[in-house]
Amino acid sequence: MSDRDVFLREYTSALAEDGASVLVGAGTSMAAGYPSWKGLLQEIAGDLGLEIEDVDDLTAVAQWAIGADHSNRTTVLNAIREQIEPDHAIPSALLSLARLPIREVWTTNYDRLIERAFGELGRPIDVRANQEQLALRKRRAGAVRIYKMHGTIDAVDDLVISTEDYELYRQRRGAFLGLLHAHLTGMTFLFVGMSLTDPNVRHVLALLREHFPTTPPRHFMIARRPQRADFGSNDAHAARLKRHDYWVRDLRRYGLVVVEIDAFAEIDELMDELERRVARRRIWVSGSWPLDAGDTSAGFVHDVARAIGRRIGSTDLFMLSGAGLLVGSASLSGFLETMQGRGEWDFDRRLVVRPFPQPVGDAEPDRQHWAELRGELARLAGIVVFVGGAKIESGGLVSATGVFEERALADGRGAFLLPVGATGGAASVIANELLTSALPSAGSNARRPTDDELRILSDASATPDQLADAVLKIIKRIAR
C-alpha cells in the first residue's frame, strides 16, 4: 500500500474518531500570496547592508535589526505588519481543511488565513495566541481551537521573530511546547506547508523520538518532490532529489510519513479525497411515510427503516436524520437500540439529527427552514439512503416532493444515492431513475448501486431484514 493510501485510510479514521489535528506552516501562507520568511525579511536585510540570499539564519537578521537594546523592534514589527496584515484570498486547501471534522489546529503562521477559512464556513473559532490564553476555558461550545505558536498579526508586539524570541521561547511560551507534545502523542497530525526547520517544532519532534524510540506515534506530512523545472541543470536537480529522499526516509524516525506530490495543486486533490471519504462515513436516512396510510405499507416501511438503523448502529459509521415522519423515528430507534446493546454511548459523536419542525393544525410549514435543514444534511452526508417518501394528498398516497428535493441536494453534492425501491414512494421512483443511468456504480467515484443491487433493493417480496442487509453491504463497499 502506498504512503498516500495509508494516509487517506488512517487520517480518515482519525478524523472519524475525533483524533485528528493539523499543523499548518508558512507554505500555505505563501500559496495565498504572503511572502516567505526570506521575502518577509528581505527589506530589513537590505537596510542592514546584507543580501538575504547570503544569510542562513533568518531569525538572526531580525535580531540584528532589532538591536541588543530592542530600540528598533517597533520598526521591524511595523515592516512585518505591512506585509502580513492585508487579507489575501484563502487557498482552497485551507477551505477543505476547514470542512473536515477537526476540533484543533496548530500553526506557526502570523496571518489570519486559518481563522478566515473557518469563518467562511460559519464555524466558530477560539484563538490561543499567547501562553496566558492557554489557561482560558473555551468561549463557545463546538468552537475550533486555533493554537498560534508564534503569535498573531492581531497582536504584532507579541510575535516570535528574532533569535532572542526563540531563545526565551520556553520561558515565555513553553506551555505551547508541552501541549503540542501531548497532542502529537495522542492524536494523528497532518503537517501542511511545513519545512520542519522551525526550532520549536523540531524540539517537540525530538522529544517524541526520545519518549518513543522504537514505536513513535504515526503522523503525516505533505511535501512537494523537487522538480526538474526548479533547477538550472540536471546535476543540480539530481543532487537536490537525493537530499530530499534521504530527508524523507529520516523523518520516519519521528513517525512522520511523507506523502509526496509533484505539484502543489495535488494538495487540493488530497483534501478533496479526504473530504469525500469522511463524508461517506456519514449515512443520511431520508424518507417519510404517513401514519394513516390505511394499509399495511406503514408497518413495512417502519420495519425496513428500523432494520437499516440497526445495521448502521452495528458499524462505526455516523447516522444523519431529519426525523421524517415514521422513517425518522424508526431508523433512529433501531440505531440507538443497537448502540445501547453494544454498550456504546457516544451518541453525540455518531448521531446528527436535524428535526423538521411540523406545523400545528392547519398552519403551513416553514419551508425556508426546511430547505436550510435539508441543505445542511446534504452538505454533511456522503451516502443517502432513501426509504419510502410518501404523503397523503387529495385522499390518495403520492410521492413526497421533499424527498425529491433531498435527492437533488445530495446529487448536487456528489453523494452516493441508495434508494430502497421496495419501500415505495419517492424511493421507488429514484430507484427506477437510477437503474441503467449513466451515474457510475463502482470505483472510488461511485454514485449509485449497481443495476443488480438496485433490483435487489426493489424486490417487493424481500423481508425488511433482507433489504437492510443489502443496504449495509453496499454501504460497507462505499464507505471503506
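This section describes a parallel sheet, a helix packed against it, a buried histidine and several salt bridges in a predicted model. Local features were taken at pLDDT of at least 70 and side-chain atom pairs at pLDDT 80 or more, while totals for chains, interfaces and linings use all residues. Residues are numbered from 1 along each chain as its sequence is written, and side-chain values use heavy atoms, without hydrogens and water.

Five strands form an open sheet in the order 10-9-8-11-14, with parallel pairing (strands are DSSP runs of E, at least two residues, and helices runs of H or I, at least four, numbered from the N terminus; two strands pair if DSSP finds at least two bridges between them). Strand 10 (351–353) and strand 14 (416–420) each have a single partner strand, so one side of each is left without a neighbour in the sheet. Strand 9 (residues 318–321) pairs with strand 10 over three bridges, and Ser321 stands opposite Val353 in strand 10.

Helix 14 (residues 327–341) has 15 residues and reaches 21 Å from its first C-alpha to its last, close to the expected 21 Å (1.5 Å times one less than the number of residues). Its buried residues (under 20% relative accessible area, 1.4 Å probe, protein chains only) include Leu332, Phe335 and Met339. The buried residues of helix 14 pack against strands 8, 9, 10 and 11 and helices 13 and 15 (contact means heavy atoms within 4.5 Å). Gly343, with a positive phi near 75 degrees, follows helix 14.

His150 lies in the loop between strand 4 (144–148) and helix 8 (163–167) and is buried, with a relative accessible area of 3%. The side chains of His150 and Asp198 make a polar contact at 3.4 Å (a pair of N or O atoms within 3.5 Å, where one must be able to donate a hydrogen and the other to accept it; residues adjacent in sequence count only if both atoms are side-chain atoms).

The whole structure holds 35 salt bridges (a side-chain nitrogen of Lys or Arg within 4 Å of a carboxyl oxygen of Asp or Glu). Asp87 and Arg112 form one of 3.3 Å, N to O; both residues belong to a salt-bridge network with Glu85 and Asp154. Glu115 and Lys148 meet at 2.9 Å. Glu115 lies in helix 7 and Lys148 in strand 4, so the pair ties together parts 33 residues apart in sequence. Both Glu115 and Lys148 are buried.

Technical notes: Buried < 20%, exposed > 50% of the residue type's maximum accessible area, 1.4 Å probe, protein only.
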